[in-house]
Amino acid sequence: MPQIELSQVSYNYPVRDGVSLKAVKNLSFSVERGEFVALVGMNGSGKSTLAKLLNGLFVPTSGTVKIDGLDTSDEANTFEIRKRVGMVFQNPDNQNVATIVEDDVAFGPENLGIERQRIIERVRSALEAVGMSDYAKHSAAKLSGGQKQRVAIAGVLAMQPEIIILDEATAMLDPVGRREVMDVVRKLNEQGITVINITHNMDEAARASRVIALRRGRLAIDGAPEDVFASDLLDACGLTLPPSVSLANELSRRGFDKMNVIDEDGLVEEICKQLR
Amino acid sequence: MQAIEIKNLSFIYSKGTPFEQKALDDINLSVAEGELVGVVGATGSGKSTLIQHLNGLIRVQDKKRASIVVDGMDTSSKKTLRKLRFTVGMVFQYPEYQLFADTVEKDVAFGPKNMKLGAEEINARVRRALDVVGLDYDTFATRSPFDLSGGEKRRVAIAGVIAMQPRILVLDEPVAGLDPAGRAEILDLIGKLKREVSPTVIIVSHSMDDMAQIADRIVALSHGKIVADGSPREVFGKRELVEAAGLELPTATRVADKLIARGVPVKPDVITMAELADELARLKGAKEADNV
Amino acid sequence: MFRDVAFGQYYPTDSAVHRLDARVKLLLTIAYVVSIFFVKGYFGFMVAAALLILTVIVARLPIASVLKSVRGILLIVVIGALLNLFLIKDGDVIAEWGVIVITKKGVHTTIKMVLRLILLISGASLLPLTTTPVELADGLESLMSPLKLIRVPVRDIAMIMSIALRFIPTLFEETTKIMNAQKARGAAIDTGNVFRRIGAMLSVLIPLFISSFRRADELAFALDARCYNATDRRTKMKKMRLRWADAVATVVALAFFTVILLDKYYFGTVGIDIDAMIFGGLL
């Protein structure tokens, strides 16, 4: 059984009386345990709606979303699903609920009614996992963007999820913060947590094990980063290539052999090989 | 005449409290009319504080020592404050969050109205501003700014600033949060704004790739001090400085460094992908010629 | 940016006062504020001021942080003082210029009023200065918990309070940003006359409202995603526990309250006037 399974999922937003916006259309795909999926597409392509469908914040208008076989449409499953699917949102300031870092991390486990001593342990290990142990007693307002997002990830980790969804969690960060967050996420993925990273940053997409591109609410491309970057549909999806891939393509137009690279190091390797 | 002349500028937040924090430390900077200056620096390096001084949103703290003259106006002078605000157009981060009127037209007209221009002139400016940012007047003027897409909202917000026809345009992270297509559009737009509306442009950005591409000059800040100031090639040539300031190198420079470390003789001073491609094509051509 | 918000101005020094149980601090602050109203004369004010100064010293707070709260009500103090000074006309006359008459009683009433207000506000300000908003909200929740029996949604109220406190700096920062953006477009927020300023404020309030709603929306998703209201048996990581320091603080406060009450209701009846004993000549 796949960990995440969507079959023929559609979702309509009610806009005003009788009018609705079809944000997601007839979407079917599945994700296995431990995958690192980058979800890309233009603004308005349905990525964020899809994210909210994955943990029952939205329930499909038609079709089914199942997490570990649990149907998100069944209200009895809601909290079990949210426990398993943690979500980190774009704006760190709109998801921290407490003023002090450790109180914020404890919020999820407290809601689940976990026993006090175990909350303390979970908070400690979650903060450790994101490298924020030293800030446990700090005021969240004074942290940098990257630190705030790491605290948000810790808040999700304290609920011991099996899947983490990042909904443009790095969009508002500077390069340093972005790197901090992505390093943490990669580590968590190595420990077996499934990651779904919604992003506009194509370098981030290159580092996923699988890239899914949405276009106008439909699945447009789905494959390994190198396949996606080679796809003719990329332009239509409003996506650009990561700089190193676009340089590789340029070089192959100017005398180099075709390069199959997805990132900087691959590019350097390939250039060295061909110039030797 | 210099467009901007900053002398000995320091700034301390919460002065005289335990939270005292030095944001700017003896900044000296002059910008000539017609320059496109990229201001770079890690978060908290003082970039925002610096640019907010340019139109008097933040006042010079130590007037005895420091001074800022913009387009001939002393920013500390109350008399010219309003004129200063219209001389320096300021596009803040996520400018779409400042939209407030019920139509695009009214929102863009807000600045010119505050300038107390005549109705005809206001209308002409609104039309021109929308045209420059690539939004059709007849299609967009009567629409609500809140019904537009993210990229369109941002362009309306930018139009709202350039409708004042500022001589100096300051943009703080103008492409933040946009999708790749939106980023490219706004970056193209900046060149156009400089040619057609505001001859002097200052951009605050975290993207060294973008800066290498479009800036004439880069000013790097670290802990409130200017640590590097020069052409992108000069600044990115000072690798240790860039690193110490908590900044990245442009992708092309980084790749070139890695290639050099591996023995590929590319020039060390490439800063854009186009240059790097030229370099590599040249090397490839030379190698092919050798082989023949 | 969030720099000088007088409200919720937590001043971290990790002192004994900071570490007191929030519930105890809440109750003691209320007791202090109430007892200020019972203070009869200068002796009482002296004791109250001594207690306040002692607390400020133990809490290692700079006196400026306390006085800052007083600055906020300075106008009220001044107006109140002038009204008292000029409108009280009974008692011995000290000075007289035409219609303006200043009496001895007026002077004393004025001084007492000023002292009362200053002690009241600075005393009350010690609570937010030494207690984090979260501790305060938790303390209130705990103190209100008996109300759960009559079906008051105490937990939700506490949650709303703590979120409100958490968002004050965020909204403050947001307001500054929007204001700057509109000022940069020439909005007459810091220039222009009163009417133009009010008009210009609309250009700030509308975006602020819109962004607040957006934030609220996103926050609601974040709360749901983290299983808020998953169970009625919500637990708490931080348990509030009373310590010796809390007992000591309570005893000190009780002693203070007792002295104030004795001064007001008892000493007078047995012929002791401490004010007269200390300040004899002045009164």
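User: If a salt bridge is a side-chain nitrogen of Lys or Arg within 4 Å of a carboxyl oxygen of Asp or Glu, how many salt bridges does the rule find across the interface of chain A and chain C?
Analyst: This is a predicted model, in which local features need pLDDT of at least 70 and side-chain atom pairs count only at pLDDT 80 or more, whereas totals for chains, interfaces and linings use all residues. Residues are numbered from 1 along each chain as its sequence is written, chains are lettered from A and ligands numbered from 1 in the order in which they are written, and side-chain values use heavy atoms, with hydrogens and water left out. Across the interface of chain A and chain C, the number of salt bridges that the rule finds is two.

User: Which residue of chain A forms a salt bridge with Arg234(C)?
Analyst: The pair lies between chain A and chain C, with its closest N and O atoms 3.1 Å apart. The partner of Arg234(C) in this salt bridge is Glu110(A).

User: Which element gives the largest share of the side of chain A that touches chain C?
Analyst: With helices taken as DSSP runs (H or I, at least four residues) numbered from the N terminus, the elements of chain A that give two or more residues to this side are α2 (78-84), α3 (101-111) and α4 (116-129). The largest share amounts to ten residues, and the element that provides it is α3(A).

User: How much area do chain A and chain C bury between them?
Analyst: The contact, meaning heavy atoms within 4.5 Å, takes 38 residues from chain A and 30 residues from chain C. Buried area is the accessible area (1.4 Å probe) that two parts lose on being put together, summed over both. Carbon and sulfur atoms carry 57% of the area between chain A and chain C, and the total is about 3,100 Å².

User: Which three residues of chain B supply the most of the area buried against chain A?
Analyst: Here 28 residues of chain B are in contact with 30 residues of chain A, and the buried area is about 2,700 Å², with 60% given by carbon and sulfur atoms. On the side of chain B, 21% of the buried area, more than any other three residues supply, comes from Pro180(B), Arg262(B) and Lys284(B).

User: Which element of chain B gives the largest share of the side that touches chain A?
Analyst: Between chain B and chain A the count is six salt bridges, one of them joining the side chains of Arg179(A) and Glu248(B) at 2.8 Å, N to O. At least two residues each are supplied to this side of chain B by α7 (180-196), α11 (251-261) and α12 (273-291). The largest share, ten residues, comes from α12(B).
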